[in-house]
Amino acid sequence: MHAMWIWKVCLEVILLVADTLSSGACECSLACSTCHLILEEPLYDSLPEPSDKENDMLDLAFGLTPTSRLGCQVVLTEEMAGATFKIPAATRNMYVDGHVPKPH
């Protein structure tokens with residue numbers, strides 16, 4: 001793992017490496033599921049449990065799996081060197097997918 005990536009939020013690295021423009025629509029505020037990742041089981045098991053708010057957003061994610069997490073909630077560490085993070089084939093972003101906000 002490149003030294004500059006250690007302690008970075010996983011989403012930031014995905015945006016740098018994969019140029020995934022649809023990821024991170026809520027700018028890491030836990031208000032969407034566009035940074036949904038699928039982790040290898042040993043890595044998933046090594047992380048703290050997802051918060052209730054993260055689980056609520058994961059319920060909206062495309063292709064949810066038992067080892068799904070939001071990239072904005074995964075902090076990269078040296079121990080994760082060599083880990084595989086899968087990006088699902090699609091995402092659900094209601095602001096891109098036709099949602100029109102209503103005025104207050």
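**Cysteines, sheet and cores in a predicted chain**

The sulfur of cysteine 35 lies 3.8 Å from the closest cysteine sulfur, that of cysteine 72, which is too far for a bond. A disulfide is counted when two cysteine sulfur atoms are within 2.5 Å, and the structure holds zero disulfides. Such a link would be a covalent bond between the sulfur atoms of two cysteines. Cysteine 35 has 3% relative accessibility and therefore counts as buried; cysteine 32, at 13%, counts as buried too. Here buried means under 20% relative accessible area, exposed means over 50%, and partly exposed covers what is in between (1.4 Å probe, protein chains only).

This is a predicted model, in which local features need pLDDT of at least 70 and side-chain atom pairs count only at pLDDT 80 or more, while totals for chains, interfaces and linings use all residues. Residues are numbered from 1 along each chain as its sequence is written, and side-chain values use heavy atoms, with hydrogens and water left out.

The chain has 104 residues, and buried residues make up 38% of them. It contains three helices and three strands, which follow one another from the N terminus as α-β-α-α-β-β. Helices (H or I, at least four residues) and strands (E, at least two) are DSSP runs, numbered from the N terminus. The chain exposes about 6700 Å², of which carbon and sulfur atoms supply 58%; accessible areas come from the Shrake-Rupley method with a 1.4 Å probe, and for residues only the protein chains shown count as cover. Among contacts with a separation of 6 or more, 71% are between residues 24 or more positions apart, where contact means heavy atoms within 4.5 Å.

The three strands form an open sheet with the order S2-S1-S3 and antiparallel pairing. S2 and S3 stand at the edges with a single partner strand each, so one side of each has no neighbour in the sheet. Strands of a sheet pair through backbone hydrogen bonds, either parallel or antiparallel. Two strands count as paired here if DSSP finds at least two bridges between them. S1 (residues 36–39) is joined to S2 (residues 68–70) by three bridges. Along this pairing, isoleucine 38 stands opposite serine 68, and leucine 37 has arginine 69 as its bridge partner. On the other side, two bridges join S1 to S3 (residues 85–86), again antiparallel, and leucine 39 is the bridge partner of phenylalanine 85.

The side chains of S1 alternate: His36 and Ile38 point one way, Leu37 and Leu39 the other way, and all are buried. Leu37 and Leu39 belong to the largest nonpolar core, which has eight residues in all and also includes Leu43, Tyr44, Leu47, Val74, Leu76 and Met80. S1 and helix H2 (41–46) are the elements that give two or more residues to this core. Apart from it lies another core, of six residues, among them Leu30, Cys35, Met57 and Leu58. A nonpolar core is a set of buried Ala, Val, Leu, Ile, Met, Phe, Trp, Tyr and Cys residues joined through side-chain atoms within 4.5 Å. In soluble globular proteins, nonpolar side chains tend to be buried together. Leaving aside neighbours within four places in sequence, leucine 39 is in contact with Tyr44, Leu47, Thr67, Arg69, Thr84 and Phe85.

Arginine 69 also takes part in a salt bridge, with glutamate 54; their closest N and O atoms are 2.8 Å apart. The pair links distant parts of the chain, with glutamate 54 in helix H3 (residues 52–58) and arginine 69 in strand S2, 15 residues apart. A salt bridge requires a side-chain nitrogen of Lys or Arg within 4 Å of a carboxyl oxygen of Asp or Glu, and by this rule the count comes to one. Both charged partners are covered: glutamate 54 counts as buried because its relative accessibility is 1%, and arginine 69 counts as buried at 4%. Beyond its neighbours within four places in sequence, glutamate 54 is in contact with Leu30, Arg69, Leu70 and Gln73.

Alanine 89 is found in the segment after S3. Its relative accessibility is 83%, so alanine 89 counts as exposed. The C-alpha atoms of alanine 89 and phenylalanine 62 are 8.4 Å apart in space, although the two residues are 27 residues apart in sequence.
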